[in-house]
Amino acid sequence: MAETNADSRKAHLVFFAGLAAGAALFHQPLGLLCVLTRQSELYSHIPLIPAVSLFLLWLKRSEVFSEISAAKRPGAALGFLSILVFVAAQSFRESLGTVSFRGGKLPNDFLSLAQAGFLCWVYGGFLFAYGRLAFRKALFPLGFLLFLIPLPVFAADFLIHLLQHASAELSNAIFSLLGTTYHRVGLNFEFANLTVYVAEECSGIRSSMALFILSVLAGNLFLSSTQGRVLLVAAVLPIATLKNAFRIVLISLLANYVDLRFVSNHWLHTMGGMPFFLFALLLFVPVAWVLRRRESRATVKIKPQPYDVKSRDKPCGV
């Protein structure tokens, strides 16, 4: 037992020393990531990711660190790969996509590549210190750190446009079901008193990203089957689209029939993200509950029946 504790302390020391070295090596992109987190609402979740990952690792600490056997070669190989990725990010920095803010531009895609390199360093350090078995047991807490990587510009644009157009289509269907009088031209909905444009801001990309992360976390904590976890993650897109459409329809009808200020300076339009996110959660929780219930029933069905030794030799019907 004393030897095991000494091995654990040594492994922890090696890992945290490597982590400190990685933070020093990647200090520039890590600093820029902090700036991006402060400037972009899309990445406001990033500071929470390491905390959640550490908490998940702490929950499984007895299982993960029960058997430590350093995998030095794979760990060193991942460390070398992380340096190559970082050098590539630096070399192609000028040609990679950027995002604009009031204070200028930030190298978004450089950060995506550099953060991928930093995570390679973290994974390599974990392998180097604790070994393959511990790495496999800690796969989800370590994999959760992938949410530290900012979405490349092309991926973020694709998701925004997908949500934007899907929300417009569903809003169109809801307006038709309600019998609302309007005329649609692309993403413009023309009513009697105003014209509503479904802009990129209406995509709800920030809340959709938060819901996606929540679905991954909830699937791991509450579901045991891969199918159930995939279905829970897949439910995020329709739920996010329905939430966006509900917001568009509600604000449009209130502005057209009640007060035009609902689309200008009313809090429901400018700061109503949280109430509508709660609406999305009200849709998400029953989906997770149904999937968990389904797994519980499946477990009950395949539960083996106890074998009655006394009735083994009895004839049929007795």
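In this predicted model, Cys34 has a relative accessibility of 45% and therefore counts as partly exposed, since that value lies between the 20% and 50% limits. Cys120, by contrast, is buried, because its relative accessible area of 17% falls under 20%. A disulfide is a covalent bond between the sulfur atoms of two cysteines, and the structure holds zero of them.

Salt bridges are present, and a search of the whole structure finds two. Side chains of opposite charge can pair when their charged atoms come close. One salt bridge joins the side chains of Glu41 and Arg206, with an N to O distance of 3.7 Å; this pair links distant parts of the chain, given that Glu41 sits in the loop between H2 and H3 while Arg206 belongs to helix H10, 165 residues apart. The other joins Arg184 and Glu169 at 3.0 Å, N to O, and it too links distant parts of the chain, with Arg184 in strand S3 (residues 183-185) and Glu169 in helix H9 (residues 153-178), 15 residues apart. The accessibility of the four partners is set out below.

| Residue | Relative accessible area | Class |
|---|---|---|
| Glu41 | 55% | exposed |
| Arg206 | 43% | partly exposed |
| Arg184 | 24% | partly exposed |
| Glu169 | 46% | partly exposed |

Helix H10, which carries Arg206, comprises the 18 residues 205-222, and at 1.5 Å a residue it should span 26 Å; its end C-alpha atoms lie 25 Å apart, which agrees with that expectation. Although Arg206 is partly exposed, the buried residues of H10 include Ile205 and Ser207 on either side of Arg206 in the numbering, and also Ser208, Met209, Leu211, Ile213, Ser215, Leu217, Ala218 and Gly219. An α-helix has 3.6 residues a turn, so residues three or four places apart point the same way.

The second largest pocket holds about 550 Å³ of space. Its lining is made up of 27 residues, and those nearest its centre are Leu19, Pro50, Leu54, Val122 and Leu145. The elements that contribute two or more residues to this lining are helix H1 (2-25), helix H2 (27-39), helix H3 (48-59), helix H6 (108-130) and helix H8 (139-143), and among these H6 gives the most, with six residues. By residue class, the lining of the second largest pocket divides into 22 nonpolar residues, four polar and one charged.

Definitions and conventions: Residues are numbered from 1 along each chain as its sequence is written. This is a predicted model: local features need pLDDT of at least 70, side-chain atom pairs count only at pLDDT 80 or more; totals for chains, interfaces and linings use all residues. Side-chain values use heavy atoms; hydrogens and water are left out. Helices (H or I, at least four residues) and strands (E, at least two) are DSSP runs, numbered from the N terminus. The expected span of a helix is 1.5 Å times one less than its number of residues. Buried means under 20% relative accessible area, exposed over 50%, partly exposed in between (1.4 Å probe, protein chains only). A disulfide is a pair of cysteine sulfur atoms within 2.5 Å. On a 1 Å grid over the protein atoms alone, a cavity is a set of points where a 1.4 Å probe fits but cannot get out, and a pocket is an open set with protein on both sides within 12 Å along at least five of seven lines; lining residues have an atom within 4 Å of a point. Grid points are joined across faces, edges and corners, and a volume is the space filled by probe spheres set on the points. Ala, Val, Leu, Ile, Met, Phe, Trp, Tyr, Cys and Pro count as nonpolar, Asp, Glu, Lys and Arg as charged, and the others, Gly among them, as polar. A salt bridge is a side-chain nitrogen of Lys or Arg within 4 Å of a carboxyl oxygen of Asp or Glu.
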